[in-house]
Amino acid sequence: MKKSFSFVACFAIVTGLISVAQAAITLQPMSTFGGGDGWQSPTEAGGTLAVTNQVRSMGFDPSTGTLIIPSGANTIQRINGSTGAYQGATFNNTGVSGGAIWLNTVTATSDGVIYAANLTTNTTTSPFKVYRWTADNVAPTVSYTGNGGVAGVRMGDDIAVTGADSGGLLGFGYGVINGFGIITTGAAGTATGVTFGSPSTPAVGAFRLGMAFTSPTSVIGTQNSALLPVASFSGSTATLLSNNTLPLGGSQRGVGYAVVGGTPLFATIDTGNNTVRLYNATNLASPVLLDTKNLTTGSPVTNTNGTAQVVFGTLNGQAVLYALNSNNGIQAFNVVPEPGAGLLALVAGVAACVRRRRK
């Protein structure tokens, strides 16, 4: 009985300590980025972010380790993911036209195919368009054009992606209603308008200013507050799973999601003050704040549109996080486990249990 009790007790202790150790994940400024402080300010960026109010989206291309950013002048630029160095407006924009902004958002699939979309304030009067690049210097093809699944909505303020080009999905939050559009990747994308049924519905536009896939059938979103709606979807029907108020309030937008070292994480940037927050997303109904950082200096520049983007990536085996706040540049971080009290406690706990089992 003693041995049985000892085993059960040890198992419980170690399991608990593992969760503590896993929770000890922090954001460390990327010392090679933005002149060494991890922040590429609009001044440092020069031509990259010169049209700051029109720079509203950012993607990470895993095939090249670069960031891709709409220029505000109807093309897409690349910057080096390690240093922030400008690599040029490398994308051929032949045939790009239409919408309130011709190219407003951009992302990359897991195998490096680039997608960018326009912004339309009404999908009935101005079609929503998604462009696809397999190479920067080749004119894009129109992967999708239409109403994005629902007529008359605002669409294209944000973008989300999951999967590779073959079999992947793009997500776009709606304005005017409380749903989102799902568009398949590939040369001929198809759209599904996903909306919520009563009684549990999020606010109108709840996914409009930030959206991320947590699986191929579930998403999280942000709009103009610290609310984080969590939804699953099947076909054209979405189910609201939870609608949480994030710690510390503010205007947390541009949400990004990734699994790092086995731990689900999401991050936001506060468009009012440039604060980046990292959360443990193991339980999305009750996310745990892990770290808070702000690498910017001076007073934040007003971001009237509330547009932002947070993306995770991997550089040379290291998990990284980038946070764009329009008019305020890009912050870059390494996402690292903290080898502090949590890990030491785990090692000590395992050692104690091993000793006990040997007696």
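Q: What makes Leu315 the bridge partner of Gln318 in a recognised strand pair?
A: Leu315 is bridged to Gln318 in β25. Two strands pair if DSSP finds at least two bridges between them; β24 and β25 have eight, in the antiparallel sense, and therefore satisfy the criterion. Strands here are DSSP runs (E, at least two residues), numbered from the N terminus. The model is predicted: local features need pLDDT of at least 70 and side-chain atom pairs pLDDT 80 or more, whereas totals for chains, interfaces and linings use all residues. Residues are numbered from 1 along each chain as its sequence is written, and side-chain values use heavy atoms, without hydrogens and water.

Q: Which residue has a positive phi in the turn between β24 and β25?
A: Asn316, at about 50°, in a hairpin with two residues between the strands.

Q: How do you know that β25 and β26 pair?
A: Five antiparallel bridges join β25 and β26, and at least two are required, so the strands count as paired. Ala323 stands opposite Gln331 in β26. Their hairpin has four residues between the strands, with Asn327 at a positive phi near 80°.

Q: Why is β25 called mostly covered?
A: Seven of its eight residues are buried, which means under 20% relative accessible area (exposed is over 50%, partly exposed in between; 1.4 Å probe, protein chains only).

Q: What makes Leu265 a contact partner of Phe312?
A: Contact means heavy atoms within 4.5 Å. Leu265 touches Phe312, and also Leu278 and Val335 among others, not counting residues up to four places away in sequence.
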